[in-house]
Each structure stands twice: as C-alpha cells, then as structure tokens.
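Good morning, colleagues. Please turn to the structure on the screen, and I shall take you through its folds, rings and pockets in turn.

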Amino acid sequence: MRYQVGGSLHSDDPSYVVRQADEKLYNSLKGGDFCYVFNSRQMGKSSLLQRISRRLKSEGYKCVYLDVTQLGSEDTTSAQWYKGIIVSMFYGLNLAEHVNFKQ
C-alpha cells in the first residue's frame with residue numbers, strides 16, 4: 001500500500017477508504033437524483049468521482065465531469081454560463097461525431 005498526498009487516486013486504488021456515503025451517492029445517481037458533494041480540501045472528492053464514474057461507465061452509463069468553477073466569473077452572463085455547460089457536456093460525451101454543434 002502506498003500513501004499519496006494530493007490529487008485523486010486511481011479508481012481501483014486499494015488505499016481508497018470506502019465510506020457509507022459512497023454507496024449512497026452511487027445509488028442516488030443510478031436512481032436519477034441530482035447529487036452534489038461538498039467537503040473541505042483534500043478529503044477525497046476527486047477520488048470518489050473517479051470511482052463512481054468508473055463503476056457507472058462499466059454498467060453502460062455516460063458520465064461527464066462539469067467543473068463549475070471554470071464556467072465563468074462575475075462578468076459572465078447567464079447565457080454564457082449555460083453555453084459553457086452545454087459545450088462541456090457536448091465534448092465530454094463525445095457528441096461531435098454525432099451532432100453538428102454549429103447547426
């Protein structure tokens with residue numbers, strides 16, 4: 001077992017500590033619920049994201065990570081903010097080969 005400081009663990013890393021909330025989040029996402037994870041820095045949010053995403057993808061689900069901190073600033077209009085979400089999802093789901101975005 002190795003100790004890692006900073007960054008997310010690989011989705012199958014044996015040093016990941018599974019929490020009760022992990023299964024609750026997984027089941028809620030599968031149930032179609034809107035979910036979000038709040039916690040302080042360096043508490044495993046990214047590692048949790050990696051594990052849940054891998055698990056869902058292995059079951060045929062499509063997963064997209066949206067970092068809302070990258071979508072704008074104080075000067076961003078609501079239209080620009082929503083466009084940022086759409087563009088992130090568009091590329092995150094590899095829709096460029098199926099949809100002509102400019103149309």
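Before we begin, one convention is needed: Ala, Val, Leu, Ile, Met, Phe, Trp, Tyr, Cys and Pro count as nonpolar, Asp, Glu, Lys and Arg as charged, and the others, Gly among them, as polar. With that convention, the residues that line the second largest pocket divide into 6 nonpolar, 2 polar and 3 charged. I should also state at once that this is a predicted model.

Let me stay with that pocket. The second largest pocket holds about 170 Å³ of space. Its lining is formed by Arg19, Ala21, Asp22, Leu25, Val37, Phe38, Asn39, Met43, Gly44, Lys45 and Leu48. Two elements give two or more residues to this lining, namely α1, spanning 20-30, and α2, spanning 45-58. Of the elements, α1 gives the most, with 3 residues.

I turn now to the overall architecture. The chain has 3 helices and 0 strands, and from the N terminus on its elements run α-α-α. Of the 103 residues in the chain, 17% are buried.

Which residues make up the largest nonpolar core? They are Tyr16, Leu25, Tyr26, Leu48, Ile52 and Leu56, 6 residues in all. The elements that give two or more residues to this core are again α1 and α2. Here α2 gives the most, with 3 residues. As general background, nonpolar side chains in soluble globular proteins tend to be buried together. Two members of the core, Leu25 and Leu48, belong to the core and also to the lining of the second largest pocket. Tyr26, another core residue, has a charged partner: Arg55 lies over the face of Tyr26, at 3.5 Å from the ring centre.

That brings me to the aromatic rings. A pair of aromatic rings is described by the distance of the centres and the angle of the planes. A search of the whole structure finds 4 aromatic pairs. One of them joins Phe34 and Tyr36, whose ring centres are 5.7 Å apart, with 50° between the planes. Why does this pair count as tilted rather than stacked or edge-to-face? Planes under 30 degrees apart count as stacked and those over 60 as edge-to-face, so the 50° of Phe34 and Tyr36 falls among the rest, which are tilted. Another pair, Trp81 and Tyr82, is edge-to-face, at 5.2 Å centre to centre and with 85° between the planes.

Are the residues of the tilted pair buried or exposed? Phe34 is exposed, because its relative accessible area is 73% and the cut-off for exposed is over 50%. Tyr36 counts as exposed as well, at 56% relative accessibility. Trp81, by contrast, counts as partly exposed, at 32%.

Phe34 and Tyr36 also belong, with Phe38, to one aromatic cluster. Phe38 is, in addition, among the residues that line the second largest pocket. As for Tyr36, its place is in the loop between α1 and α2. Tyr36 and Leu25 are 11 residues apart in sequence, and their C-alpha atoms are 8.7 Å apart in space.

Finally, I would draw attention to the backbone at Asn94. Phi of Asn94 is near 55°, a positive value in a residue other than glycine. Asn94 is found in the segment after α3, the helix spanning 78-92, and is exposed, with a relative accessible area of 52%.

Thank you for your attention.

Methods
Residues numbered from 1 in each chain as written. Predicted model: local features only at pLDDT ≥ 70, side-chain atom pairs only at ≥ 80, totals over all residues. Heavy atoms only, no water. Phe/Tyr/Trp six-rings, centres within 6.5 Å; stacked < 30°, edge-to-face > 60°. Buried < 20%, exposed > 50% of the residue type's maximum accessible area, 1.4 Å probe, protein only. Lys NZ or Arg CZ within 6 Å of the ring centre and 35° of its normal. 1 Å grid on protein atoms, 1.4 Å probe; cavity = no way out; pocket = protein on both sides within 12 Å on 5 of 7 lines; lining within 4 Å. Points joined across faces, edges and corners; volume = space filled by probe spheres on them. Helix = DSSP H or I, 4+ residues; strand = E, 2+ residues; numbered from the N terminus. Core = buried A, V, L, I, M, F, W, Y, C linked by side-chain atoms within 4.5 Å.
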